[in-house]
Amino acid sequence: MQMDEITFEVSRDEESGWLVACWDAPDDRGGISTQGEDLRNLQAQIIDAVATHFGEDDVPRRLRLHFTSDPILVSV
């Protein structure tokens with residue numbers, strides 16, 4: 001059964017500073033957790049993890065990111 005959308009909860013790992021994205025599957029299929037050094041890298045990691053988890057024919061049409069805190073794009 002193909003899902004239309006899944007939402008990843010994104011937070012920053014305090015030790016490494018990397019972004020961590022997690023999605024818990026609504027059934028017994030586990031879920032997906034991945035991380036990236038920055039937002040661009042995280043996006044690539046999420047796309048790869050979703051394709052691996054679901055297989056090519058069942059990939060959700062939309063992947064939504066929910067940030068647990070506001071991301072900082074540039075720090076001074």
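**Exercise 1.** Give the order of the elements along the chain, from the N terminus on.

Solution. From the N terminus on, the elements of the protein run β-β-β-α-β. This comes from a predicted model. The count is one helix and four strands.

**Exercise 2.** Work out how the strands are arranged in the sheet, and which strands lie at its edges.

Solution. Step one: the four strands form an open sheet, in the order β3-β2-β1-β4. Step two: β3 (31-36) and β4 (62-67) each pair on one side only, and these are the edge strands. Step three: the pairing in the sheet is mixed. On average, neighbouring strands are turned by 25° against each other, direction ignored.

**Exercise 3.** Find the sense in which β1 and β4 pair, and name the bridge partner of Phe-8 in β4.

Solution. In general, strands of a sheet pair through backbone hydrogen bonds, either parallel or antiparallel. Strand β1 (residues 5-12) and β4 pair in the parallel sense, over six bridges. Within β4, Leu-65 is the bridge partner of Phe-8.

**Exercise 4.** State which strands helix α1 touches, and the angle its direction makes with that of β3.

Solution. Helix α1 spans residues 39-54 and packs on the sheet. The strands touched by α1 are β1, β2 (19-24), β3 and β4. The direction of α1 makes about 155° with that of β3.

**Exercise 5.** Describe the burial, surface and charges of the protein.

Solution. Counting residues under 20% relative accessible area as buried, 22% of the 76 residues qualify. The protein exposes about 5,800 Å², of which carbon and sulfur atoms supply 45%. There are 6 positive and 16 negative charges, and their mean positions are 8 Å apart.

Note on methods. Residues numbered from 1 in each chain as written. Predicted model: local features only at pLDDT ≥ 70, side-chain atom pairs only at ≥ 80, totals over all residues. Heavy atoms only, no water. Pairing = 2+ DSSP bridges. Helix = DSSP H or I, 4+ residues; strand = E, 2+ residues; numbered from the N terminus. Axes fitted to C-alpha atoms, helices over the stretch in contact; angles between N-to-C directions. Contact = heavy atoms within 4.5 Å. Buried < 20%, exposed > 50% of the residue type's maximum accessible area, 1.4 Å probe, protein only. Areas by Shrake-Rupley, 256 points an atom, 1.4 Å probe, with all protein chains shown as cover. Lys, Arg positive; Asp, Glu negative; His and termini not counted. Charge placed at Lys NZ, Arg CZ, Asp CG, Glu CD.
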